[in-house]
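Biologist: I would like a close look at a single part of this model. Please choose one place, stay with it, and then work outward through its surroundings.

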Amino acid sequence: QVQLVESGGGLVQAGGSLRLSCAASGRTFSSYAMGWFRQAPGKEREFVASIGGSGTTTRYADSVKGRFTISRDNAKNAVLLQMTSLKPEDTAVYYCAAKGGSLISTMRDRYDYWGQGTQVTVSS
């Protein structure tokens with residue numbers, strides 16, 4: 001069982017930056033691939049970024065590539081999402097997710113555990 005708690009969301013102007021954090025429970029954190037997803041009002045939850053168990057493999061949605069960076073600290077059971085050059089269309093609830101097995105995935109239904117989400121609002 002893995003419990004995930006996100007933090008770091010908030011209100012920011014377009015062009016600004018935010019850093020989201022996800023704290024995970026459990027003793028085998030490095031055996032999980034981790035992902036960030038987001039869901040805007042009226043839309044489906046979509047993939048944002050994923051990182052493998054060792055932290056050496058990452059993947060990003062085209063919409064955030066070059067602006068967002070995912071990283072993890074296995075010693076602290078944490079995964080981060082650094083977001084820069086934010087746009088109003090980045091406004092959404094952002095969710096941290098854990099997937100059994102260290103290989104990354106962009107597919108929502110491959111993830112076993114989810115956090116409660118943190119709101120990110122980007123004003124124009």
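Modeller: A disulfide here is a pair of cysteine sulfur atoms within 2.5 Å. This is a predicted model, and it holds one such disulfide. That is the place to start.

The link joins Cys-22 to Cys-96, with an S to S distance of 2.1 Å. That distance meets the cut-off of 2.5 Å. The torsion about the S-S bond is -80°, and the link of Cys-22 and Cys-96 is left-handed. Cys-22 sits in strand β3, residues 18-24, while Cys-96 sits in strand β9, residues 92-100, so the bond ties together parts that are 74 residues apart in sequence.

Are the two cysteines buried or exposed? Cys-22 has a relative accessible area of 1%, so it is buried. Cys-96 comes out at 0%, so it is buried as well. The threshold for buried is under 20%.

Now follow β3 itself. Its side chains alternate. Leu-18, Leu-20, Cys-22 and Ala-24 point to one face and are buried. Arg-19, Ser-21 and Ala-23 point to the other face and are not buried. Cys-22 therefore belongs to the buried face of its strand.

Next, the sheet around β3. Strands of a sheet pair through backbone hydrogen bonds, either parallel or antiparallel. Here β3 belongs to an open sheet of four strands, in the order β1-β3-β8-β7, with antiparallel pairing. The edges are β1 (4-7) and β7 (68-73); each has a single partner strand, so one side of each lacks a neighbour in the sheet. From one strand to the next, the twist averages 15°.

Take the pairings one by one. Four bridges hold β1 against β3 in the antiparallel sense. Leu-4 has Ala-24 of β3 as its bridge partner. On to β8: six bridges join β3 to this strand, again antiparallel. There Arg-19 is partnered with Gln-82. Then comes β7, which six bridges join to β8, residues 78-83, in antiparallel fashion. Ser-71 stands opposite Leu-80 of β8.

Two loops at β8 need a look at their backbone angles. Asn-77 lies in the loop between β7 and β8. Asn-77 has a positive phi of about 55°, although it is not a glycine. At 16% relative accessibility, Asn-77 counts as buried. Ser-85 lies in the loop between β8 and β9. Ser-85 is also not a glycine, and its phi is positive, near 50°. With a relative accessible area of 41%, Ser-85 is partly exposed.

What lies inside? In soluble globular proteins, nonpolar side chains tend to be buried together. The largest nonpolar core in this model has 33 residues. The residues with the most contacts inside this core are Met-34, Trp-36, Leu-81, Met-83 and Tyr-94. Elements giving two or more residues are β3, β4, β5, β7, β8, β9 and β11. The strand that gives the most is β9, with five residues. So both strands that carry the disulfide cysteines feed this core.

Leu-81 shows how the parts come together. Beyond its neighbours within four places in sequence, Leu-81 is in contact with residues that include Leu-18, Leu-20, Trp-36, Val-48, Phe-68, Ile-70 and Tyr-94. Leu-18 and Leu-20 are on the buried face of β3.

Thr-118 also reaches β3. Thr-118 is in strand β11, residues 118-123, and is buried at a relative accessible area of 11%. Its side chain reaches the backbone nitrogen of Gly-9 at 3.2 Å. Outside the neighbours within four places in sequence, the contacts of Thr-118 include Glu-6, Ser-7, Leu-20, Val-93 and Tyr-94.

Finally, β4 and β5, which also feed the core. Strand β4, residues 32-39, pairs with β5 over five bridges, in the antiparallel sense. Phe-37 has Phe-47 of β5 as its bridge partner. The two strands form a hairpin with six residues between them, and Gly-42 in the turn has a positive phi of about 80°. Strand β5, residues 46-51, is mostly covered, with five of its six residues buried. Three antiparallel bridges then take β5 to strand β6, residues 58-60.

Terms used:
Residues are numbered from 1 along each chain as its sequence is written. This is a predicted model: local features need pLDDT of at least 70, side-chain atom pairs count only at pLDDT 80 or more; totals for chains, interfaces and linings use all residues. Side-chain values use heavy atoms; hydrogens and water are left out. Two strands pair if DSSP finds at least two bridges between them. Axes are lines fitted to C-alpha atoms, for helices over the stretch in contact, and angles run from 0 to 180 degrees between N-to-C directions. Buried means under 20% relative accessible area, exposed over 50%, partly exposed in between (1.4 Å probe, protein chains only). A polar contact is a pair of N or O atoms within 3.5 Å; within protein, one must be able to donate a hydrogen and the other to accept it, and residues adjacent in sequence count only if both atoms are side-chain atoms. Contact means heavy atoms within 4.5 Å. A nonpolar core is a set of buried Ala, Val, Leu, Ile, Met, Phe, Trp, Tyr and Cys residues joined through side-chain atoms within 4.5 Å.
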